[in-house]
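Labels such as "buried" or "cavity" depend on rules. Have a look at the model first, then follow how each label is earned.

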Amino acid sequence: MSQSPAEAPAPGPPASGEAAAPVPHRAPGDPAFPAAADRSQWRYRPRRAFWRSRLVRAVAVITVLALCALVILALVREQTGTEGFLVGLGLAVLPVPLLMAAFRWLDRVEPGPWKNLLFAFAWGAFAAALVAILANSFAVRWIATATADPDAADNLGATVIAPVVEESAKAAAILLLFLFRRRDFGGPVDGVVAAGFTATGFAFTENILYLGNAFGEDQEFGTSGLGSVTAATFFVRVVMSPFAHPLFTVLTGLGFGFAALAPRGRRPRKVLLPLAGLLLAMGVHALWNGSATFGGPLAFYAVYAVFMVPAFGLLTWLAVWSRQRELRTISRVLPAYAAAGWLAPAEPPALSSLRARQMARAYAARAYGPGAARAVGEYESFATTLAFLRDRARRGVAGPDFAAREQELLHHLWQRRPLASPALTYAARATGLTWAPPQYLDYGDFNPYRS
């Protein structure tokens, strides 16, 4: 009688000193591996191509940005001198924390990873600034040589060349995040925040150059105080228009953000929306530079008051509206999980309110300590990610691994539910988002009326 393949012995004799081991039997259907080790204990791992390694890619990105930083800072110091460079650096760093905090505030609903934002800032400060200073200088020299008119070359470089080069260089950072950090790029808010950090970094390096040159001019002519060129430059670039570069680049970020909402298969929309945002950013940047180059101070202040301030207000409203849209997505999607028993009925309203979220974390910290507050914060983050994941699945852009990612998020929520669910329920009732029972009824573990 012939043996089946599952029962056949392994071919060939065993090596010297070894006992023959049978080939594991495979049951009908999908095989099971009950004795398989955890992934962290694997001895044999799938081999990846060299450039697919995360470590290699991270080292490559850091190396490129570090080289760009060394080159651009050396070029700036050469133009401004060591003393001017240090003065410019000290003054240019002042608006950076304010701008970072403002854009991070917009991202409170589902905060993106800091590593993405730091990459965007570093790209803007070093890579984009280096590309801009080299390309702008080359273009202006070429135009001056071709036309024999250095003044016209400078004006053309400021109003045409600089907006195209600088906005394209800054847009590269948003494009890289859009392509390689797609899961962290879910909509307009993510595009605005990435663009804001990139432009903040670019403006930081540019301000060092302008303020350093202004200080050198003051040293040469002996001017100081409020009438100095340094004070005037600081007022225009840091006090009056710190949001200028972010305002331009945010238009590109909005284009990528709306492209992220496009369903799968809508490739023209994913290309045309970012391109439209980039062209609009270039146009607004050119208008800003042209007003200062050709119109003089009066035209500059007129463009600032009539166009830039309303545009800044409109974009701020759009960013806040986008954040509220994210909260509405949470309130619309999560009730399905509450109906299925994964969440308490009061949790979706609480998770769609920033005030209730903060109250839940604060109450958990008072009741059980910082560890409980951290668990509630993680629960809120996982629940938010779950809501956006299901919303992307509804629009057909979640990807083929939606079910596995959903199960993983539900697992994380279930682990933290004993602490987070009562805290969020209490916060929802305390903020009036859901019905609160009379005081004599028990609130569970978070009853504020129990002595």
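Q: How many cavities of 30 Å³ or more are there, and what makes a space a cavity?
A: On a 1 Å grid over the protein atoms alone, a cavity is a set of points where a 1.4 Å probe fits but cannot get out. Three cavities of 30 Å³ or more meet this rule. This is a predicted model, in which local features need pLDDT of at least 70 and side-chain atom pairs count only at pLDDT 80 or more, while totals for chains, interfaces and linings use all residues. Residues are numbered from 1 along each chain as its sequence is written, and side-chain values use heavy atoms, without hydrogens and water.

Q: What lines the largest cavity?
A: The largest cavity holds about 150 Å³ of space. It has 15 lining residues, with Gly186, Gly187, Arg325, Glu326 and Phe388 closest to its centre; a lining residue has an atom within 4 Å of a point. H5, H9 and helix H13 (370-394) each supply at least two of the lining residues, and H9 gives the most, four residues.

Q: How do you know which of these residues count as charged?
A: Asp, Glu, Lys and Arg count as charged; Ala, Val, Leu, Ile, Met, Phe, Trp, Tyr, Cys and Pro as nonpolar; and the others, Gly among them, as polar. By that rule the lining of the largest cavity has seven charged, four polar and four nonpolar residues.

Q: Which residues line the second largest cavity?
A: Among them are Asp107, Asn116, Arg181, Asp184 and Asp190. The space in this cavity is about 110 Å³. H5 supplies the largest share of its lining, three residues. The classes there are six nonpolar, two polar and four charged.

Q: What makes a space a pocket, and what lies nearest the centre of the second largest one?
A: A pocket is an open set with protein on both sides within 12 Å along at least five of seven lines. The second largest pocket has about 1200 Å³ of space and 44 lining residues, with Glu166, Glu206, Tyr210, Arg237 and Asn289 nearest its centre. H5 brings ten residues, the largest share of this lining. By class, the lining has 25 nonpolar, 14 polar and five charged residues.

Q: Why is H8 called roughly antiparallel to H9?
A: Helix H8 (residues 267-294) and helix H9 (residues 296-333) pack at an angle of about 150°, with their axes 6 Å apart. Angles over 145 degrees count as roughly antiparallel, so that label applies to H8 and H9. Residues in contact (heavy atoms within 4.5 Å) include Trp288 and Phe294 of H8 and Phe300 and Tyr304 of H9. This contact has eleven nonpolar, two polar and no charged residues.

Q: Why is Arg416 called buried or exposed?
A: Buried means under 20% relative accessible area, exposed over 50%, and partly exposed in between. Arg416 has 18% relative accessibility, so it counts as buried. Arg416 lies in helix H14 (residues 402-430). Beyond its neighbours within four places in sequence, Arg416 touches Ala375, Glu378, Tyr379 and Phe382.

Q: How many helices and strands does the protein chain have?
A: Helices are DSSP runs of H or I with at least four residues, and strands are runs of E with at least two. The protein chain has 14 helices and zero strands. Of its 451 residues, 43% count as buried.

Terms used
Axes are lines fitted to C-alpha atoms, for helices over the stretch in contact, and angles run from 0 to 180 degrees between N-to-C directions. Angles under 35 degrees count as roughly parallel, over 145 as roughly antiparallel, 65 to 115 as roughly perpendicular and the rest as oblique. Grid points are joined across faces, edges and corners, and a volume is the space filled by probe spheres set on the points. Buried means under 20% relative accessible area, exposed over 50%, partly exposed in between (1.4 Å probe, protein chains only).
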